[in-house]
Amino acid sequence: AYFLMLLMVVLAACENDSRTDSGDIIKVGDRCPRFQVTDFNLVAHDMPDKEKPSLIFFFSTDCSDCQKQFPVIQKLFDKYGNDVHFIGISRCESSAVIESYIRKHKYTFPIAHNGQNIVYGMFARQYIPRVYIVKNNIVNYTTNDIAVSYTQSTRNNQNEDQTVFTT
C-alpha cells in the first residue's frame, strides 16, 4: 500500500517565523538516523521501520502549533495506521505531562517520551512541530512550516488524497 498524505499535514513553527536558520540537521534525501523509543504502551519502536513507510512527529504539548497538529496526525493514523509506522516523540517534557495530554485528548497513535531531547537532536536544532516521512531509510518529506490543512485537502480532493510515497 502507498502512504498518502503530503497535503494533509498541518504545521506551523512554534517560534518566530522571521528565523534565518531552519534548524534542520536532517533534510529531504538524507538517510534517517536510526533510533529506538518506547511508547506509553511499552511498545519499542525501532526507527526507521524497514518494512513500511514511517511518519515521525516531534512535538511539545504546550506548543499551540503542535496542539493543532495532533488531531491531524490522529486522523492520518486512523486512516493509514496499518500501512505506515507512526510515532510521536516529545521534544523535551516529563512523562507525566505527556501521558496526561494523551489521555485528555484520547490520542491513540504511538507516542514516546524523549527525555533529554536526544532523538530530536539527531534531526534538528530548533523549531517544532516537525514531521518527517521516511521510506526505505530515506527522508522523503520534512516540514516545520505552514502547509495545507487536512480539512482543506479533503475538501479540494474528495475522492483522492495527495501522494507522498510512490512506487
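**Exercise 1. In this predicted model, work out which side chains of β1 are buried and which are not.**

Solution. Start by sorting the side chains by the face they point to. F35 and V37 share one face, while Q36 and T38 point to the other. Next, look at burial: F35 and V37 are buried, and Q36 and T38 are not. This fits a general pattern: in a regular strand, side chains alternate between the two faces of the sheet.

**Exercise 2. Find the partner of β1 and describe the hairpin.**

Solution. Follow the chain from β1 to β2 (residues 44-47); the two strands pair in the antiparallel sense over four bridges. Within this pairing, V37 stands opposite H45 of β2. Now check the connection: five residues lie between the strands, and L42 takes a positive phi near 65°.

**Exercise 3. Which residues does R34 contact, leaving aside its neighbours within four places in sequence?**

Solution. First place R34: it lies in the segment before β1 (35-38). Then list its contacts, which are M47, P48, K50, M122 and N137. Take M47 as a check: it is 13 residues from R34 along the chain, yet their C-alpha atoms are separated by 5.5 Å.

**Exercise 4. Trace the open sheet of five strands and place helix α1 on it.**

Solution. Read the order across the sheet as β5-β4-β3-β6-β7, with mixed pairing. The edge strands are β5 (111-112) and β7 (138-143), each pairing on one side only. At the β7 edge, five bridges join it to antiparallel β6 (residues 130-135), and I133 has Y141 as its bridge partner in β7. Finally, add α1 (residues 64-80): it lies across β3, β4, β5 and β6, and runs at about 160° to β3.

Notes: Residues numbered from 1 in each chain as written. Predicted model: local features only at pLDDT ≥ 70, side-chain atom pairs only at ≥ 80, totals over all residues. Heavy atoms only, no water. Pairing = 2+ DSSP bridges. Contact = heavy atoms within 4.5 Å. Axes fitted to C-alpha atoms, helices over the stretch in contact; angles between N-to-C directions. Buried < 20%, exposed > 50% of the residue type's maximum accessible area, 1.4 Å probe, protein only.
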